[in-house]
Amino acid sequence: MRSHDPLPIRLLTHNVRYATDSPSIGEEKWEVRAPRVVAAMRFHTSHCRESFIGLQEVLHGQLVDILKGLNREREGEWDYIGVGRDDGVKDGEYSPILYRPSVWTLQSWNTTWLSETPNKPSRGWDAACIRILTSGIFQHNHSKKKLVAMSTHLDHQGPKSRLEAAKIILGQVEEKTQQGHLPAFLAGDFNSQQDDDAYRMLTDGASPMQDLHTMVSPEKRYGHYYTFTGFGHDKPTKIDFLFVNGKTYPWLPNGYAVLENRFDDVVYSSDHRAVAADVAIP
């Protein structure tokens, strides 16, 4: 690959549902769901070694299980960035980013707490939970192209916290892309539908971000529309998204899909469906 050739990348985001000893009706325990989650990640990233996986609601033990599963055939194939949101180390949910170190070199990364005190573990505004943004700058080992990767999970109760979090995220995008000179993607569960203030903040006006679903033509979309299903007892909604800074960087979107989370064995791998997109950077 020449450095000026477009670099194909697969992006995948999935809220895998935190592991609980008291599953809800229709929910299996993590040890049942885990092999299905890992198998989907492995399959949907197997054709593109440049893949990134953004996850949400991942407890430390789940992250260990996922990495063990992905690295079963080739030790060290996958690594991650991220911390537990409650203490900045291992406690609480992660919003990690998984990548292949043989393909991408991690240049820097950090965690931003989506609150009035973004540099330390903290809960912001009307949020029910502590919320974080995981960010990393990567360089492709062969082409030397650079990319900013981000994963987040906005609050499920606090509309003000979601809106303020979106503002913080946009500030991080501007800073880390050097005002749009680098490509950036943002993966996550935003607990926001398209008419929510947080979604509009991330996509409207002066924001550099665009929803990949809207960037991809209908004939190149696959799968479902809704991304949150619950475990069979909730009204489906679309709250999981992949965004790129398409207004300031010439991303090349090639495909978009909302994947399945329940097959013939009637086991829900999660209460969310994974979202995938095939893109390229010039």
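These entries record what I looked up about pockets and cavities in this predicted model.

Entry 1, conventions. I number residues from 1 along each chain as its sequence is written, and I keep in mind that the model is predicted, with local features needing pLDDT of at least 70, side-chain atom pairs counting only at pLDDT 80 or more, and totals for chains, interfaces and linings using all residues. Side-chain values use heavy atoms, with hydrogens and water left out.

Entry 2, largest pocket. I looked up the largest pocket (an open set of points on a 1 Å grid over the protein atoms alone, with protein on both sides within 12 Å along at least five of seven lines, its lining residues having an atom within 4 Å of a point) and found about 360 Å³ of space in it. Of its 23 lining residues, Ala40, His44, Leu259, Glu260 and Phe263 are the closest to its centre. Helix H1 (30-45) is among the elements that give two or more residues to this lining, and its seven residues are the largest share.

Entry 3, second largest pocket. I noted a volume of about 190 Å³ (the space filled by probe spheres set on grid points joined across faces, edges and corners). Its lining includes Arg42, Arg49, Arg72, Glu73 and Trp78, and H1 and helix H2 (60-70) each give two or more residues to it.

Entry 4, cavity. I found one cavity of 30 Å³ or more, a cavity being a set of points where a 1.4 Å probe fits but cannot get out. The largest cavity holds about 40 Å³ of space, and among its lining residues are Glu57, Arg85, Tyr94, Arg131 and His153.

Note on methods
Helices (H or I, at least four residues) and strands (E, at least two) are DSSP runs, numbered from the N terminus.
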